[in-house]
Amino acid sequence: AGQMYDYDTRVTGPEDPSNYMNNWSTGYSMLTYCLDAIDKATNEYADNYVTRGIAEVMLAYNLALATDLYGDMPWTEACNYIEYMQPKLDKQEDIYKDVFKYLDLALEALQQTDLDPIGSSDLIYNGYKKLWTKAVYALKARYTMRLLNRSTDTTGDLNKILDYISKSFIPADEEMKFAKYDRNSYTTLY
């Protein structure tokens with residue numbers, strides 16, 4: 001985050017490669033971790049629906065963050081380092097379609113019951129499906145609102161946003177965040 005601040009305030013410029021590598025590579029690492037978690041919760045541990053749903057939410061969230069920061073960027077080939085050493089650029093419009101696809105998949109998964117609940121391994125909501133579902137609707141509202149300038153049905157999309165908001169957080173303390181996180185311990189809101 002400090003690098004982006006320095007770059008934005010022109011302390012450093014585009015000629016400084018450190019402006020790109022840290023956030024860029026960390027973002028792709030997170031996307032890869034999410035894809036791996038989705039794969040494992042779909043195949044190896046096929047009854048871990050909530051875990052898969054959480055990974056799908058985090059993938060959508062991190063993918064939206066990355067494309068909001070970079071615009072068009074490598075995505076569909078980017079997390080397969082063995083096959084694609086120079087992944088193609090995907091259009092931001094197509095990336096946002098995947099963001100919504102993963103949020104919809106998360107909603108489906110979060111309606112199921114885990115045979116092996118994630119519990120305290122979930123550092124945000126302790127595996128509470130209801131709160132993760134609210135997070136999905138909050139993100140759907142945010143990203144639908146973000147795309148309003150490109151909408152072909154603004155009134156319809158505004159109605160969707162209102163619907164998503166009604167299914168999202170009511171008290172602010174339900175928002176998707178860490179209450180406290182440091183090297184030695186963590187606690188969550190619930």
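Let's start at Lys101. At 40% relative accessibility, Lys101 counts as partly exposed. Keep in mind throughout that this is a predicted model.

Who is the partner of Lys101? A salt bridge joins Lys101 to Asp98, with the closest N and O atoms 4.0 Å apart. Asp98 and Lys101 sit three residues apart in helix H4, so about one helical turn separates them. Now look at the burial. Asp98 has a relative accessible area of 17%, so Asp98 is buried, because the cut-off for buried is under 20%. Lys101, at 40%, is partly exposed. So this bridge pairs a buried acid with a partly exposed lysine.

Stay on H4. Lys97 forms a salt bridge with Asp94, and the closest N and O atoms are 3.8 Å apart. Both residues belong to helix H4, which covers residues 92-110. Again the spacing is three residues, about one turn of the helix. Asp94 has a relative accessible area of 37%, which makes it partly exposed.

One more bridge. Which residue does Lys177 pair with? Lys177 pairs with Glu175, the closest N and O atoms being 3.5 Å apart. How accessible are these two? Lys177 is partly exposed at 38%. Glu175 is partly exposed too, at 34%. How many salt bridges are there by this rule? The count comes to 11.

Next, an acid in another helix. Asp157 is found in helix H6, residues 154-166. Is Asp157 buried or exposed? Asp157 comes out at 16% relative accessibility, so it counts as buried. What does Asp157 touch, leaving aside neighbours within four places in sequence? The contacts are Thr144, Leu148 and Ser151.

Let's step back to the whole chain. There are six helices and four strands. From the N terminus, the order is α-α-α-β-β-α-α-α-β-β. The chain has 190 residues, and buried residues make up 37% of them. Take contacts between residues at least 6 apart in sequence: 61% of those join residues at least 24 apart. The accessible surface comes to about 11,700 Å². Carbon and sulfur atoms account for 53% of that surface.

Now the pockets. Rolling a probe the size of a water molecule over the atoms shows where empty space is left. The largest pocket has a volume of about 600 Å³. Its lining holds 17 residues. Which of them lie nearest the centre? They are Glu93, Tyr96, Phe100, Leu147 and Arg150. Where does the lining come from? H4, helix H5 (129-146) and H6 each supply at least two residues. H4 gives the largest share, six residues. That is the helix that holds the Lys97 and Asp94 bridge. By class, the lining of the largest pocket has four nonpolar, four polar and nine charged residues.

On to the second largest pocket. About 450 Å³ of space lies there. The second largest pocket is lined by 16 residues, with Met30, Ile54, Ala55, Met58 and Ser121 nearest its centre. Helix H2 (18-42) and helix H3 (49-70) are the elements that give two or more residues to this lining. What is the make-up by class? The lining of the second largest pocket has 13 nonpolar, two polar and one charged residues.

Put the two linings side by side. The largest pocket has nine charged residues in its lining. The second largest pocket has one charged residue. For nonpolar residues, the largest pocket has four, and the second largest has 13.

Key: Residues are numbered from 1 along each chain as its sequence is written. This is a predicted model: local features need pLDDT of at least 70, side-chain atom pairs count only at pLDDT 80 or more; totals for chains, interfaces and linings use all residues. Side-chain values use heavy atoms; hydrogens and water are left out. A salt bridge is a side-chain nitrogen of Lys or Arg within 4 Å of a carboxyl oxygen of Asp or Glu. Buried means under 20% relative accessible area, exposed over 50%, partly exposed in between (1.4 Å probe, protein chains only). Contact means heavy atoms within 4.5 Å. Accessible areas come from the Shrake-Rupley method with a 1.4 Å probe; for residues, only the protein chains shown count as cover. On a 1 Å grid over the protein atoms alone, a cavity is a set of points where a 1.4 Å probe fits but cannot get out, and a pocket is an open set with protein on both sides within 12 Å along at least five of seven lines; lining residues have an atom within 4 Å of a point. Grid points are joined across faces, edges and corners, and a volume is the space filled by probe spheres set on the points. Ala, Val, Leu, Ile, Met, Phe, Trp, Tyr, Cys and Pro count as nonpolar, Asp, Glu, Lys and Arg as charged, and the others, Gly among them, as polar.
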